[in-house]
Amino acid sequence: MATPDPLREKAAQLARDGYRIDTAPCPTRAVARWHGRVIADSARAIVLAETRHNPVIYFPRADVRMDLLQRSTHRTHCPFKGDASYFTLADGAERAENAVWSYESPIPAVASIKDHVAFYTQDMGAAFGIVVER
């Protein structure tokens, strides 16, 4: 008999309770700036809306200043998205530890966020902002 997996059980319960994750193309161009420098600029970003969370913009890696990201050892797991890898944003003396994450092998339901990154806005302080342009 298999050992129960508490994360799978929690995910199944949340799904029964109406927990949802939806993705859609961002309807306009999205730009992320940090300390006045553009670090992501995309007309191909994805908006991920998840029950009980604010929507998150995922930028295609091709539209992100990946040269400013340093892979960290931090990892997390989400039963609805998969395993997340993290990056530290570093530009000269400015650093934001583990402020960027990516689902490099997301579960099939959110496969559209593969090869995308998202930013923890609260970890990057007032010097960070994402603008969705009209």
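Biologist: What does Asp115 count as at 46% relative accessibility?

Modeller: First, this is a predicted model: local features need pLDDT of at least 70, side-chain atom pairs count only at pLDDT 80 or more, and totals for chains, interfaces and linings use all residues. Residues are numbered from 1 along each chain as its sequence is written, and side-chain values use heavy atoms, leaving out hydrogens and water. Buried means under 20% relative accessible area, exposed means over 50%, and partly exposed is in between (1.4 Å probe, protein chains only). Asp115 has 46% relative accessibility, so it counts as partly exposed.

Biologist: Where is Asp115 found?

Modeller: Asp115 has a positive phi of about 65° although it is not a glycine. To place it, we use DSSP runs numbered from the N terminus: helices are H or I with at least four residues, strands are E with at least two. Asp115 is found in the loop between strand 8 and strand 9.

Biologist: How many strands does the protein chain have?

Modeller: Start at the N terminus and read along: the elements run α-β-β-β-β-β-β-β-β-β-β. That matches a chain with one helix, and the number of strands is 10.

Biologist: What percentage of the contacts with a separation of 6 or more is between residues 24 or more positions apart?

Modeller: A contact here means heavy atoms within 4.5 Å. The protein chain has 134 residues, and 39% of them count as buried. Of its contacts with a separation of 6 or more, the share from residues 24 or more positions apart is 52%.

Biologist: How many residues does the largest nonpolar core have?

Modeller: A nonpolar core is a set of buried Ala, Val, Leu, Ile, Met, Phe, Trp, Tyr and Cys residues joined through side-chain atoms within 4.5 Å. In the largest one, those with the most contacts inside it are Ile39, Phe59, Val64, Leu89, Val100 and Phe119. Strands 2 (30-34), 3 (37-42), 5 (56-60), 7 (82-91), 8 (94-102) and 9 (116-119) each give this core two or more residues. Its number of residues is 19.

Biologist: And how many residues does the other core have, apart from the largest one?

Modeller: Ile21, Ile46, Tyr86 and Trp101 are among its residues. This second core lies apart from the largest one, and its number of residues is 14.

Biologist: Which side chain makes a polar contact with the side chain of Ser102?

Modeller: Ser102 is in strand 8, and it counts as buried because its relative accessibility is 0%. A polar contact is a pair of N or O atoms within 3.5 Å; within protein, one must be able to donate a hydrogen and the other to accept it, and residues adjacent in sequence count only if both atoms are side-chain atoms. A polar atom of the Ser102 side chain lies 2.8 Å from the backbone oxygen of His116. The side-chain partner, at 2.9 Å, is Arg61.

Biologist: Which side chain does a polar contact of 2.5 Å join to that of Asn98?

Modeller: Asn98 also lies in strand 8, and it is partly exposed, with a relative accessible area of 23%. It has a positive phi of about 50° although it is not a glycine. Its C-alpha is 5.4 Å from that of Tyr86, which is 12 residues away along the chain. The polar contact of 2.5 Å joins its side chain to that of Ser72.

Biologist: How far apart in space are Ala49 and Thr23, C-alpha to C-alpha?

Modeller: Ala49 lies in strand 4 and is partly exposed at 33%. Leaving out residues up to four places away in sequence, it touches Arg20, Ile21 and Asp22. Ala49 and Thr23 are 26 residues apart in sequence, and their C-alpha distance is 6.3 Å.

Biologist: What is the relative accessible area of Glu50?

Modeller: Glu50 is in strand 4 too. Beyond its neighbours within four places in sequence, it is in contact with Tyr19, Arg20, Ile21, Cys78 and Lys81. Glu50 is buried, and its relative accessible area is 12%.

Biologist: How many residues of the lining of the largest pocket are nonpolar?

Modeller: On a 1 Å grid over the protein atoms alone, a pocket is an open set of points with protein on both sides within 12 Å along at least five of seven lines, and lining residues have an atom within 4 Å of a point. Of the 20 lining residues, the closest to the centre are His53, Asn54, Val56, Trp101 and Tyr120. Ala, Val, Leu, Ile, Met, Phe, Trp, Tyr, Cys and Pro count as nonpolar, Asp, Glu, Lys and Arg as charged, and the others, Gly among them, as polar. With six polar and two charged residues in the lining, the nonpolar number is 12.

Methods
On a 1 Å grid over the protein atoms alone, a cavity is a set of points where a 1.4 Å probe fits but cannot get out, and a pocket is an open set with protein on both sides within 12 Å along at least five of seven lines; lining residues have an atom within 4 Å of a point.
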